[in-house]
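Subject: Handover of a structure

Hello,

Here is the structure I said I would pass on. Please look through it before reading the notes underneath.

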Amino acid sequence: MSTLTRIGRFLLILVFFSGVSFSNAAAQPSGRLIVIRAANFGWNLAANLKIDGQTVANIVQGRRYDHRISAGRHILTVSVVPNLQLSQPTSITLNVRPGGTYIFTALWDSQNVYLQPTTLSRAEMAKLGL
């Protein structure tokens with residue numbers, strides 16, 4: 001067997017295993033996280049959403065956060081921006097199961113912003129395009 005044939009087979013095997021590795025990485029189990037901003041949140045305020053300490057969105061009027069989230073335990077933190085009243089952020093723990101959908105509403109009262117688990121009917125979900 002020539003050196004060129006051996007190199008070709010080695011490269012073919014390398015490409016095969018790389019493809020298997022990438023497909024396994026892409027198939028990581030995940031769930032779906034949806035955060036809806038309450039209508040009475042304030043026209044000039046946004047809900048800042050952090051997942052595990054990293055800002056993922058500033059949810060403004062008429063928008064929502066709707067993305068895949070890896071399975072496992074996550075800390076969701078929400079705060080108001082701009083924070084003119086110096087209110088404290090609030091956090092909750094979310095244990096994401098593969099294939100699960102988690103819907104929260106970002107609510108604002110005169111003192112705090114917080115995430116409330118939301119249970120929507122099928123009709124309400126369809127109305128929101130979920």
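The notes below go from the whole chain to single residues.

Please keep in mind that this is a predicted model.

Overall layout

The chain contains two helices and eight strands. Their sequence order is α-β-β-β-β-β-β-β-β-α. Of the 130 residues, 30% are buried. The exposed surface of the chain comes to about 8800 Å², and 58% of that is supplied by carbon and sulfur atoms. If one takes the contacts between residues at least 6 apart in sequence, 57% of them join residues at least 24 apart.

The sheet

Four strands form an open sheet in the order S4-S1-S7-S8, and the pairing is mixed. S4 and S8 are the edge strands, each pairing on one side only. On average, neighbouring strands in this sheet are turned by 25° against each other, with direction ignored. In general, strands of a sheet pair through backbone hydrogen bonds, either parallel or antiparallel. S1 and S4 run antiparallel and are joined by seven bridges. Within this pair of strands, Val35 stands opposite Tyr65 of S4.

The core

The largest nonpolar core consists of 22 residues. Leu33, Val35, Phe41, Tyr65, Phe104 and Leu115 have the most contacts inside it. At least two core residues come from each of the strands S1, S2, S3, S4, S5, S6, S7 and S8. S7 gives the largest share, with four residues.

Val35 can serve as an example. Leaving out neighbours within four places in sequence, Val35 is in contact with Leu49, Ile59, Arg64, Tyr65, Phe104, Ala106 and Leu115. Tyr65 thus appears among the contacts of Val35 and also as the residue opposite Val35 in S4.

The salt bridge

How many salt bridges does the structure hold? There is one. The partners are Arg32 and Asp66, whose closest N and O atoms are 2.7 Å apart. Arg32 belongs to strand S1 (residues 30-37) and Asp66 to strand S4 (residues 64-70), so the pair links distant parts of the chain, 34 residues apart. As a general point, side chains of opposite charge can pair when their charged atoms come close. Arg32 counts as partly exposed because its relative accessibility is 23%, and the cut-off for buried is under 20%. Asp66, at 25% relative accessibility, is also partly exposed.

Single residues worth a look

Is Ser79 buried or exposed? Ser79 is in strand S5. Its relative accessibility is 15%, so Ser79 counts as buried. Not counting residues up to four places away in sequence, Ser79 touches Ala46, Ala47, Asn48, Pro89 and Val113.

Which form does the peptide bond from Val81 to Pro82 take? That bond is cis, with omega near -5°. Pro82 is found in the loop between S5 and S6.

Asp52 has a positive phi, near 55°, and is a residue other than glycine. Asp52 lies in the loop between S2 and S3. With a relative accessible area of 42%, Asp52 is partly exposed.

Regards

Conventions
Residues numbered from 1 in each chain as written. Predicted model: local features only at pLDDT ≥ 70, side-chain atom pairs only at ≥ 80, totals over all residues. Heavy atoms only, no water. Buried < 20%, exposed > 50% of the residue type's maximum accessible area, 1.4 Å probe, protein only. Contact = heavy atoms within 4.5 Å. Areas by Shrake-Rupley, 256 points an atom, 1.4 Å probe, with all protein chains shown as cover. Salt bridge = Lys/Arg side-chain N within 4 Å of Asp/Glu carboxyl O. Core = buried A, V, L, I, M, F, W, Y, C linked by side-chain atoms within 4.5 Å. Pairing = 2+ DSSP bridges. Axes fitted to C-alpha atoms, helices over the stretch in contact; angles between N-to-C directions.
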